[in-house]
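Q: Please walk me through reading this model. Where should I begin?

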Amino acid sequence: MNPKDSVTTAWGKIQAMIDSLILMLPNILLAIIVFALFFIAARVFKSSVRRLTRKHRQARNLGMVLGRLAQGIIILVGLFVALSIVIPTFKAGDLVQLLGISGVAIGFAFRDILQNFLAGILILLTEPFKLDDQIAFKSFEGTVEDIQTRATTIRTYDGRRVVIPNAELFTNSVTVNTAFENRRLEYNVGIGYGDDIDRAKELILEAIASIKGVLHDPPPEALVMELAESTVDIRARWWIAPPRRAEALDSRDMVLTAIKNKLTANGIDLPFPTQQMLFHDQTEDTDGDRSRQREGWPAGNNQVPKPRSISSSLRKLAEKRAQKDGNGNQSDNLDGMLG
């Protein structure tokens, strides 16, 4: 075949394709219109379902599930109808057979997507949390904005958006801070060991009760939780409603301010962390009952040790060295320095 015949043959094929495309244009336009109608119908049906269930909180998530499933089914049917218009020989069974043959490959390729989709459906049906709930998941905490079939979107308290795959939410622990009407807050208040514990409890409860928004049922509590190194820790506990983040922060600020002012105004010490270092038997005459065991030395056999100090210990050490060296001037010099 010479080049001229090849060009003629190619041009004939191209012209035949153009002619067939022109003949199919009405079908293509009709298929686009039909698919657009199905798409619009799917959106309208989804919005109608969500609008009908929006007033009922218990059915809100179920309405989202049904609306999205119905939307997907209607769009899929519209796609089949559009393909049948464009390609009259096309049958839905052919597509189903094709999907069945490549189903294994598609399953491996879209495993994560399908897992998130199924997890999203289960979350929407079981409702462990709902829209506008405040949840904590791993290092993220915020308000649930949207629950989609693939992922859940939360708005953090500092104004950021976090998209969490539904499979992660379904297989891990999630804390729902707004699951119940009331929420308990708590804080440890450290008082001095010399302060009256009962009096401190009474003052703490008075301070909590004076704050607006603190519930009286259940009542506030003040419990001794720990004898720490420098303080006696009293845990203040109180309940608030509603249990949202803003109310919790406001209540915590007002309660802690009131407790601090109340305790300091009544002479209750709020000590800083301190440490006491005692050398062996370094106690004073006025340091309690010396017939009982004290820090730094044991009391046994009814022998009460005499008090010692660092200066007297150093003086005795210098005297022993002076006696050993035969030089008494060292002891005199040391007495002058210690005196």
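Q: How many helices and strands are there in the protein chain?
A: The elements are DSSP runs, numbered from the N terminus: helices are H or I and span at least four residues, while strands are E and span at least two. By that rule the protein chain has 10 helices and 8 strands. This is a predicted model: local features need pLDDT of at least 70, side-chain atom pairs count only at pLDDT 80 or more, and totals for chains, interfaces and linings use all residues. Residues are numbered from 1 along each chain as its sequence is written, and side-chain values use heavy atoms, with hydrogens and water left out.

Q: What percentage of the residues in the protein chain is buried?
A: Check accessible area against the cut-offs: buried is under 20% relative accessible area, exposed is over 50%, and partly exposed lies in between (1.4 Å probe, protein chains only). Of the 339 residues in the protein chain, 27% are buried.

Q: How do I judge contacts along the sequence: what share join residues at least 24 apart?
A: A contact means heavy atoms within 4.5 Å. Take the contacts in the protein chain between residues at least 6 apart in sequence. Of these, 58% join residues at least 24 apart.

Q: Now the sheets. What is the strand order in the open sheet of 5 strands?
A: Two strands pair if DSSP finds at least two bridges between them. Here the order is β4-β3-β2-β1-β5, and the pairing is antiparallel. The edge strands, β4 (161–165) and β5 (175–176), each pair on one side only.

Q: How many bridges join β1 to β2?
A: There are 4 bridges between β1 (residues 134–137) and β2 (residues 140–147), and the two strands run antiparallel. One partnership to find on screen: F137 bridges to F140 in β2.

Q: And what connects β3 and β4?
A: A hairpin, with 4 residues between the two strands. Look for G159 in the turn: its phi is positive, at about 80 degrees. Strand β3 (residues 151–156) pairs with β4 over 5 bridges, in the antiparallel sense. Within this pairing, I154 stands opposite V162 in β4.

Q: Which side chains of β4 point to the buried face?
A: In a regular strand the side chains alternate between the two faces of the sheet. Along β4 that pattern is visible: V162 and I164 point to one face and are buried. R161, V163 and P165 point to the other face and are not buried.

Q: What is the order of the open sheet of 3 strands?
A: Read β6-β8-β7, again with antiparallel pairing. β6 and β7 (221–227) stand at the edges with a single partner strand each, so one side of each has no neighbour in the sheet. From one strand to the next, the twist averages 25 degrees.

Q: Over how many bridges do β6 and β8 pair?
A: Their antiparallel pairing runs over 9 bridges. In this pairing, V189 has I234 in β8 as its bridge partner. On the other side, β7 and β8 (residues 232–240) pair antiparallel over 6 bridges. There, A222 stands opposite A236 in β8, and L223 has R235 as its bridge partner. The link from β7 to β8 is a hairpin through 4 residues.

Q: How many of the residues of β8 are buried?
A: 7 of its 9 residues are buried, so β8 is mostly covered by the under-20% rule.

Q: Which helix packs on the sheet and touches β6, β7 and β8?
A: For angles, axes are lines fitted to C-alpha atoms, for helices over the stretch in contact; angles run from 0 to 180 degrees between N-to-C directions. The helix is α7, and its direction makes about 25 degrees with that of β8. Helix α8 (residues 245–265) also packs on the sheet, touching β6 and β8. The direction of α8 makes about 25 degrees with that of β6.

Q: One last residue. Where is G194 placed, and is G194 buried or exposed?
A: G194 lies in the loop between β6 (183–191) and α7 (197–209). With a relative accessible area of 83%, G194 is exposed. Now compare sequence and space: G194 and D269 are 75 residues apart in sequence. Their C-alpha atoms are 8.4 Å apart.
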